[in-house]
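Let's go through this one together and ask how each label is earned.

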Amino acid sequence: MEPERLRRRLSSAFRLRGLVLRPDALKYLTEAFQSTSEGELDEIIENVIDAVEKQPLSSNMIEQPLVEAAVQECSRAPDEAIENVFNIIGAFDIPRFIYNSERKKFLPLSMTDLPRPSLFGTARDKAELFRERYSILQQRTHRHELFTPSPVDAHPDDSKNKFQLKTVETLLGSPAKVGEVIVLGMITQLKEGKFFLEDPTGVVQLDLSKAQFHSGLYTESSFVLAEGWYEDEVFHVNAFGFPPTEPSATTRAFYGNINFFGGPSSTSVKASAKLKQLEQENEDAMFVFVSDVWLDQAEVLEKLHMMFSGYSSAPPTCFFFCGNFSSAPYGKNQIQSLKGSLKALADIICEYPSIHQSSRFVFVPGPEDPGPGSILPRPPLAENITQEFRQLVPFSVFTTNPCRVQYCTQEIIIFREDLVNKMCRNCVRFPSSTMDIPNHFVKTILSQGHLSPLPLYVSPVFWAYDYSLRVYPLPDVLVTADKHDPFSVTSSECLCINPGSFPRSGFCFKVFYPSNKTVEDSKLQGL
């Protein structure tokens, strides 16, 4: 097709979608499609425009790099999807997206004026940390049916059931008593024994004497919906609830195919029909989760021997071993001891060739493993400790805590921290029913959209990397490896599991089958 006619067709196709091609982009596409037959041209142009729209666009003017990336994606062979079947994503490799309230969309870090994250955070990073947590919860709450403003022609009874979120500033600016309001804010204790509610617009003192607490673990620094009335500079709370959660399908319906999760795929793996098909066809896929693998204890190594022996006829896809990898910190000898323990584990794995050749091994460090203190996210175990193990077991990955796993279209977050205990200790009001702690815990984590909704002095975080602890959009599986008793709880289409402490729980562990999203409680009995 002659270049002039091709240019006109390209320009009009893009204009129909509200996009304008820059001259350099138009020239590039004209050259790329010069030899394309007339019959295929329309379909190829549509595919390229679809690929352009999946990318984060700062305006409707389309530059050459954007169309280059789109053409590259369209010309990729279908087999390349197989590269994206199984990926381990470390906490420092997770992409960062910032919510823009004016455009009502998430923008990648490169499209904002924020600097690249650094371990040595600035004061601005600390402020942004809470601001970003707030804005994510605020936009999610505003979209919930209870808080969505009714259309003008809606039935009058409908609007009575709707609530309106107020800010702290609205309360502080009111001279008279304000009755029945709901405020989204963070619980803080600015003076000893006195709690306050804080949001980006201000701080107000709380009176909790008559407050009813809905289910959940309400800790300082957690975000709540507080309902009550305001008078004389005090907000008298009648009830506390958590911001509503939403399934990941709802989030994605609103924000499209952005890859929030991380990994090599340029768009969310949820959109890949090929990966979905692979996931369903591979019914033998199996993940084994074990926590507190105390490699210095002979009994633990003996039980691992037993586990590998049982699985040798049908090796699992992957073993996830979470720390601590020593039963006690050994001071200056800990690193040498851990090297020896890992060598012992490698020798056991090598005794079972089927597992050694077919299974992967992923190691997530625990709070007491050698590393830079207790600040989250934790880097992997040092290479000098793991070098010998990696040579003996090549299919092994030593990753960060927390870490993310993408298998076909499923997203899994793994976090090793004794969090249940910490959150119970730091509750503003402890739940009346202690029987249901796992449900309270899961509801809190998913509502907060964050793995560690605790004050920074209780659970320190690298300020600029706080986004790596986000649980938004919700994953398919959240593994919180904790010394609390094992549990499996499903909430908002997210399966939350705790394998429990392997040595403390009588050698319990969990097995997950991705093809049908089921989890199996397993235990090694003494023989």
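**Labels and what backs them**

Q: What makes up the accessible surface, and how big is the total for the protein?
A: About 24300 Å² is accessible, and carbon and sulfur atoms own 50% of that. The areas come from the Shrake-Rupley method with a 1.4 Å probe. This is a predicted model, where local features need pLDDT of at least 70, side-chain atom pairs count only at pLDDT 80 or more, and totals for chains, interfaces and linings use all residues. Residues are numbered from 1 along each chain as its sequence is written, and side-chain values use heavy atoms, with hydrogens and water left out.

Q: Why is the protein called as compact as a globular protein of that length?
A: Its radius of gyration, taken over C-alpha atoms, is 26 Å, and the globule rule gives 24 Å for 527 residues, so the two are close and the label fits. That rule is 2.2 Å times the number of residues to the power 0.38.

Q: Why is Ser-221 called buried?
A: Buried means under 20% relative accessible area (1.4 Å probe, protein chains only). Ser-221 has 8%, so the word applies. Across the protein, buried residues make up 51% of the 527.

Q: Where does Ser-221 sit, and which residues is Ser-221 in contact with?
A: Ser-221 is in the loop between strands S10 (212-213) and S11 (223-231); strands here are DSSP runs of E, at least two residues, numbered from the N terminus. Leaving aside neighbours within four places in sequence, Ser-221 contacts Arg-133, Met-186, Ile-187, Pro-453, Leu-454 and Pro-455, with contact meaning heavy atoms within 4.5 Å.

Notes: Buried means under 20% relative accessible area, exposed over 50%, partly exposed in between (1.4 Å probe, protein chains only). Helices (H or I, at least four residues) and strands (E, at least two) are DSSP runs, numbered from the N terminus.
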